[in-house]
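Grab the model and work through a few exercises on how this chain is put together. Try each task yourself before you read the solution.

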Amino acid sequence: MSTYKISPQAMHSWLCDLWRAIGSDEREATLIADHLVAANLSGHDSHGVGMVPLYVKSWQQGEIRLNQQPVVLQDCGTMLSLDGNGGMGQALGAASMALAIERARTHGVCVMGLRHSHHLGRIGHWAEQACQAGLIAIHFVNVVTRPIVAPHGGTQARFGTNPFTIGLPVAGAPPIVLDFATSNIALGKVRVAKNKGVEVPPGCLLDAEGLPTNDPSVMYPESGPSGALRSFAEHKGYALAVMCELLAGAITGGHTIRPETIKHRFAIWNNMFAVVLDPKALAGSSSAGTEIGAFVDWVRSSGLMRGHAEVQLPGDAERRRRQERADGITLDPMTLTELDRAAQAVQEVRGAAPGPLSAIACLAS
């Protein structure tokens, strides 16, 4: 199948132009573009520019609000309760983490709850923001949209992909960043597989009858019931997903996913429960750093299985993808067509848009 390549700089410029045309101010448009391009560069196409068509549909339906700032509902010094007012998650996430980082620097720790945010994107992005400040971040997130993941032992979807993330700074080295959906794969990866016309790996999906399948189209039926994603690691991933749902959806004052709380058609709502802390307030920067470095060296010293060039740590794969993709982001024809349609939809409503993305794409293969 032919694919198309676009330079990260050209993609970023196109996204900024698109969101300015929609109505975002310069800051918000830039943050959205920063986040989406970074997701593609990190190898997470599921959370990159391919999300734009769904975002545009949410905007067309009046399901998202532009240019919002997190509203402080409660402030206990080390604890912050924030409301996103239905704004764009890329902007709300950056502002909310900045508040939590400031408090953690002052008090040693901040427990932050953010509710009512539109899609926060790749949660590892927010952990990396904390790591850049020398802080540790732990994130539990739930997803209030149509249920897409079945509970362990069940056949019908009851919750979302509910990501779990930890970012750990390492002195003099890249951070260690654990970031994964509690489903076997993210729904965006199913979308990418469907657009490419390929199957998903075994063990990821159930069809509408509750039977295992590798066909990504079961999540996008033209009519009738949808299939469901499966949790990773069977009961273990399912249990972690439940805790993400309750901590992020209930403890923050946001919503858990139930028929009564789903009042939108296209929007993806996130709630996030985050703990940001300064490692110097616990073991001290020198002792913690020495121990982390010693453990990393010990892990990497393991003998290698056949077919593996090295022992990787969480975050290594994303850094490698950024090097590999520095010269261009690759898109399949279906995703490129969907992005062109999104730009045309903005043009029809606003009378201005950056034009089709395909006009600046180069045939890659």
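**Exercise 1. Which residues of α1 are buried?**

Before starting, note that this is a predicted model: local features need pLDDT of at least 70, side-chain atom pairs count only at pLDDT 80 or more, and totals for chains, interfaces and linings use all residues. Residues are numbered from 1 along each chain as its sequence is written, and side-chain values use heavy atoms, with hydrogens and water left out.

Step 1: fix the terms. Buried means under 20% relative accessible area, exposed over 50%, and partly exposed in between (1.4 Å probe, protein chains only). Helices (H or I, at least four residues) and strands (E, at least two) are DSSP runs, numbered from the N terminus.

Step 2: read off the list. In α1 the buried residues are P8, M11, W14, L15, C16, L18, W19, A21 and I22.

Step 3: see what they lean on. They pack against β1 (4-6), α2, α3, β13 and α10, where contact means heavy atoms within 4.5 Å.

Step 4: check the helix itself. α1 has 15 residues and spans 21 Å from first to last C-alpha, close to the 21 Å expected at 1.5 Å a residue. That expected span is 1.5 Å times one less than the number of residues. Just after α1 comes G23, with a positive phi of about 135°.

**Exercise 2. Find the largest nonpolar core and say which elements supply it.**

Step 1: define it. A nonpolar core is a set of buried Ala, Val, Leu, Ile, Met, Phe, Trp, Tyr and Cys residues joined through side-chain atoms within 4.5 Å.

Step 2: count and rank. The largest one has 39 residues, and M11, L15, W19 and L331 have the most contacts inside it.

Step 3: assign the suppliers. At least two residues each come from α1 (8-22), α2 (26-41), α3 (52-60), β5 (136-144), β13 (329-331) and α10 (333-350). The largest share, 8 residues, is from α1.

Step 4: zoom in on one member. Leaving out residues up to four places away in sequence, L15 touches A33, L36, V37, V49 and V52.

Step 5: look for a second core. Another one, of 20 residues, lies apart from the largest core, and includes M97, I101, M112 and A137. As a rule of thumb, nonpolar side chains in soluble globular proteins tend to be buried together.

**Exercise 3. What covers the buried residues of α2?**

Step 1: list the buried residues. They are E28, A29, I32, A33, H35, L36, V37, A39, N40 and L41.

Step 2: name the cover. It includes α1, α3, α4 (89-107), α5 (124-132), α9 (316-324) and β13.

Step 3: check the length. With 16 residues, α2 reaches 22 Å from its first C-alpha to its last, close to the expected 22 Å. Right after α2, G43 has a positive phi of about 95°.

**Exercise 4. How many disulfides does the structure hold?**

Step 1: set the test. A disulfide is a pair of cysteine sulfur atoms within 2.5 Å.

Step 2: apply it. The count is 0. For C76, the nearest cysteine sulfur is that of C110, 10 Å away. C362 has its closest cysteine sulfur in C16, at 20 Å, which is too far for a bond.

Step 3: add the surroundings. C76 counts as exposed because its relative accessibility is 53%.

**Exercise 5. Where are N67 and H116 found?**

Step 1: place them. N67 sits in the loop between α3 and β2 (71-75), while H116 belongs to strand β4 (residues 109-118).

Step 2: check the backbone. N67 has a positive phi of about 60° although it is not a glycine. H116, also not a glycine, has a positive phi near 60°.

Step 3: check accessibility. N67 is partly exposed at 32%, and H116 is partly exposed at 28%.

**Exercise 6. Why is the chain as compact as a globular protein of its length?**

Step 1: take stock. The chain has 10 helices and 14 strands.

Step 2: compare. Its radius of gyration is 20 Å, close to the 21 Å that the globule rule gives for 365 residues, so the chain is as compact as a globular protein of that length. The radius is taken over C-alpha atoms, and the rule is 2.2 Å times the number of residues to the power 0.38.

Step 3: add burial. Of the 365 residues, 50% count as buried.
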